[in-house]
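Here are my notes on the structure you sent, set out as numbered points. Please read them with the coordinates open beside you.

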Amino acid sequence: MAKNILRSLFYLLFSYFIKNLLLLFIKIYTIMFSQIIGNNCRFYPCCSSYAKSVLKKFSLLKAIFLIIKRLSKCHPWNAGGIDEIPHN
């Protein structure tokens, strides 16, 4: 039983660390590169805002899945549009 508690605690701490690391990378991207590239996002909200919101709302694995799904839609043949964050 103690092993399961430690495993759960480790996962929570690891998840918290990775989420904050990803949020830091997003912040660095928006400060440094987003200014240079400009506002060329095809979607609303922009991908960095979407990623921040998803990381804050969902578990680490689901957030990463949703971010990859969103980024895979970002190509010249996609019209874009409103891509809201899922509710559940």
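1. The crossing of α2 and α3 is right-handed, and in this predicted model the axes of the two helices come within 9 Å and cross at roughly 165°. That angle makes α2 roughly antiparallel to α3, because any angle over 145 degrees counts as roughly antiparallel.

2. The packing of α1 against α2 can be read alongside that first pair. Helix α1 covers residues 2-37 and helix α2 covers residues 47-57, and the two pack at an angle of about 165° with their axes 10 Å apart. The helices α1 and α2 are therefore roughly antiparallel to each other, but the crossing of α1 and α2 is left-handed, whereas that of α2 and α3 is right-handed.

3. Between β1 (43-44) and α2 there is a loop that holds P45, and this proline deserves a look at its backbone. The peptide bond leading from Y44 to P45 is cis, with omega near -5°. As a general background, most peptide bonds are trans.

4. How many salt bridges does a search of the whole structure find? The search finds two, and both can be described in terms of their partners. In one of them, the side chains of R70 and D83 meet at 3.7 Å, taken from N to O. R70 belongs to helix α3 (residues 60-72) and D83 to the segment after β2, so this pair ties together parts that are 13 residues apart in sequence. As for their surroundings, R70 and D83 are both buried.

5. The other salt bridge is formed by K73 with D83, and here the closest N and O atoms are 3.5 Å apart. K73 sits in the loop between α3 and β2, while D83 lies in the segment after β2, so the pair links parts that are ten residues apart in sequence. Is K73 buried or partly exposed? With a relative accessible area of 26%, K73 is partly exposed, whereas D83, with a relative accessible area of 12%, is buried, because the cut-off for buried is under 20%. Through salt bridges that share partners, R70, K73 and D83 are joined into one network. In general terms, side chains of opposite charge can pair when their charged atoms come close.

6. A nonpolar patch of about 1100 Å² lies on the surface, and its makers are F17, L21, L24, F25, I28, Y29, I31, M32, F33, I36 and I37. Two of these residues can be looked at individually. L21 has its place in helix α1 and counts as partly exposed, at 30% relative accessibility. L24 also lies in helix α1 and is partly exposed, with a relative accessible area of 44%. For orientation, the C-alpha atoms of L24 and H75 are separated by 25 Å, and these two residues are 51 residues apart along the chain.

7. Two exposed positions outside that patch may help in finding your way around the model. K56 has its place in helix α2 and, at 63% relative accessibility, counts as exposed, because the cut-off for exposed is over 50%. Between the C-alpha atoms of K56 and E84 there is a separation of 15 Å, the two being 28 residues apart along the chain.

8. The remaining position is N88, whose place is in the segment after β2 (81-82). At 67% relative accessibility, N88 counts as exposed. N88 and K52 are 36 residues apart in sequence, and their C-alpha atoms are 16 Å apart in space.

Key
Residues are numbered from 1 along each chain as its sequence is written. This is a predicted model: local features need pLDDT of at least 70, side-chain atom pairs count only at pLDDT 80 or more; totals for chains, interfaces and linings use all residues. Side-chain values use heavy atoms; hydrogens and water are left out. Patches are made of residues with over 30% relative accessible area and no salt bridge: like charges are joined within 9 Å, nonpolar side chains (Val, Leu, Ile, Met, Phe, Trp, Tyr) within 5 Å. Accessible areas come from the Shrake-Rupley method with a 1.4 Å probe; for residues, only the protein chains shown count as cover. A salt bridge is a side-chain nitrogen of Lys or Arg within 4 Å of a carboxyl oxygen of Asp or Glu. Helices (H or I, at least four residues) and strands (E, at least two) are DSSP runs, numbered from the N terminus. Buried means under 20% relative accessible area, exposed over 50%, partly exposed in between (1.4 Å probe, protein chains only). Axes are lines fitted to C-alpha atoms, for helices over the stretch in contact, and angles run from 0 to 180 degrees between N-to-C directions. Angles under 35 degrees count as roughly parallel, over 145 as roughly antiparallel, 65 to 115 as roughly perpendicular and the rest as oblique. A crossing is left-handed if the near helix is turned anticlockwise from the far one by less than a right angle, and right-handed if clockwise.
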